[in-house]
Amino acid sequence: MIPQIINEKCNSCQICVQLCPAKALKGKIPQLDEKLCIQCGHCFSFCPQEAFFYSNDKENQEKHNQDDGWMQLLKMKRSCRIYTDDIPSNEILHDLALAANYSSTASNSRNWKCLFYFQPSVKSISKKICKSMVSQLNWIDNPLAAALLKNSSLKRYTRPNYVKPFKAKLKRGFEDNFDPIFFDAPVIALFLYPKGDRGLGLTNTALAAANMQIYAETLGLGTCHIGFAQRAFGNKALRKQWNIPLGYKVGQVLTLGYPRLKAKRTPPREIQIKSINNGLLAELE
Ligand SMILES: Cc1cc2nc3c(=O)[nH]c(=O)nc-3n(C[C@H](O)[C@H](O)[C@H](O)COP(=O)(O)O)c2cc1C
Ligand code: SF4
Ligand code: SF4
């Protein structure tokens, strides 16, 4: 669902423009490019003027007000891309690892590791990733790639109005003091799994990371899953440079830090439950 903006309510603070992960908002009174929008609802959640709306949101907000604490926590937990300078203490990181440690693992293998990196290492890793992503985007930025990727989740990156500004941002990421990968988060957490454990290892790390994210939220921390970084760590040289133990792969990457902004509202996330044969099918809309 794509939010709409009420121009009269907007005070041009540009918070939504800064937070939009898809760079779909532009202008003094931001205009929304529907083709770029990934429907995350961050503009709706964070706008201090409540200038965004969904045509059918009344029901969602009413339901939200009746939710119990757990459901409210899950609904208000948004990916965090803007942090204060405060650094989570080692005790906090210990507790986060402990929360992740209580996630399920296949056959109770408990064979993942979590590696925390702090600044300035976070920025150095980001610079490497930006550089390698620019070369990948050079490959993607042509009509043949657009045709090959038309049914893939990478399709967005083949659109000229997305790829050009994105490439410029990545270039700033390795040339300037700017971090478009980890958003200057003070800490990142890399979840590692043994190479031989491919499918289940990835699942184990995803569950562990999800537990860490939820517990982090209860402590007032913000997190964001960084798929770009996970992909980049597919590169052996990068793993070696950043001391990933031999025989391990990077399953998940999270940023961690204290959010500079708090979400005010939760966007609607529609779900349809249908009866099928002897079961129920839940489909996200
Ligand atoms: C597997 C995975 C990879 C992601 N990779 C990135 C990423 O590289 N950069 C980023 O800014 N957000 C990333 N995200 C965050 C999503 O964009 C975000 O979850 C989505 O837009 C919904 O927003 P919400 O988490 O605030 O509800 C990722 C999320 C997941 C689950
Ligand atoms: S966050 Fe709200 S008030 Fe600020 S520019 Fe965006 S729409 Fe306008
Ligand atoms: S819903 Fe998300 S992607 Fe779409 S304009 Fe708002 S912040 Fe950007």
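A residue is buried if 20 or more other C-beta atoms lie within 10 Å of its own. Keep that rule in mind as you look through the views of this predicted model.

**View 1. The whole chain, with its 11 helices and 10 strands.**
Let us begin with the overall picture. The radius of gyration is 20 Å, close to the 19 Å that the globule rule gives for 285 residues, so the chain is as compact as a globular protein of that length. The C-alpha trace spans about 55 × 50 × 45 Å along its principal axes. Of the 285 residues in the chain, 28% are buried. Take the contacts between residues at least 6 apart in sequence: 75% of them join residues at least 24 apart.

**View 2. Two domains and the contact they make.**
The domain assignment of the chain gives domain 1 (4–78) and domain 2 (90–257). Their centres, taken over C-alpha atoms, are separated by 25 Å. Five residues from domain 1 and six residues from domain 2 take part in the contact. How is the side of domain 1 that touches domain 2 made up by class? That side has two nonpolar, no polar and three charged residues.

**View 3. Ligand 1 and the residues around it.**
Here you can pick out the surroundings of ligand 1: P21, I38, C40, R78, S79, R81, C224, H225, I226, G227 and F228. The elements giving two or more residues to this shell are β7 (222–225) and α10 (227–232). Sorted by class, the shell around ligand 1 has six nonpolar, three polar and two charged residues. Why does ligand 1 lie between domain 1 and domain 2? Both domains give residues to its shell, so that is where ligand 1 lies.

**View 4. Ligand 3 and its shell of 13 residues.**
Which residues are the closest to ligand 3? They are C20, A22, C37, C40 and C43. The shell around ligand 3 has 10 nonpolar and three polar residues, with no charged ones. C40 may look familiar, as it also belongs to the surroundings of ligand 1.

**View 5. Strand β8 and its partners.**
Strand β8 covers residues 248–257, and 10 of its 10 residues are buried. Strand β6 (residues 187–194) runs antiparallel to β8, and eight bridges join the two. To find one of these pairings, look for P194, whose bridge partner in β8 is Y248. β7 also pairs with β8 in the antiparallel sense, over four bridges. In this pairing, C224 stands opposite T255 in β8. You have met C224 before: it is one of the residues surrounding ligand 1.

**View 6. C10, a residue in a loop.**
The loop that holds C10 runs between β1 (4–5) and α1 (15–19). Is C10 buried or partly exposed? C10 has 18 C-beta neighbours inside 10 Å, so it counts as partly exposed. Leaving out residues up to four places away in sequence, C10 touches I5, I29, Q49 and A51. For a sense of scale, try finding N204 as well: C10 and N204 are 194 residues apart in sequence and 44 Å apart in space, C-alpha to C-alpha.

**View 7. W70, a residue in helix α4.**
Helix α4 is made of residues 69–76, and W70 lies in it. W70 counts as exposed because it has 9 C-beta neighbours inside 10 Å, and the cut-off for exposed is 12 or fewer. Q49, one of the residues that C10 touches, is 21 residues from W70 along the chain, and 27 Å separate their C-alpha atoms.

Methods:
Residues are numbered from 1 along each chain as its sequence is written. Chains are lettered from A and ligands numbered from 1 in the order in which they are written. This is a predicted model: local features need pLDDT of at least 70, side-chain atom pairs count only at pLDDT 80 or more; totals for chains, interfaces and linings use all residues. A residue is near a molecule or strand if its C-beta atom, placed from the backbone, lies within 6 Å of it. Ala, Val, Leu, Ile, Met, Phe, Trp, Tyr, Cys and Pro count as nonpolar, Asp, Glu, Lys and Arg as charged, and the others, Gly among them, as polar. Domain bounds come from an automatic or database domain assignment. Two residues are in contact if their C-beta atoms, placed from the backbone, lie within 7 Å. The radius of gyration is taken over C-alpha atoms; the globule rule is 2.2 Å times the number of residues to the power 0.38. Two strands pair if DSSP finds at least two bridges between them.
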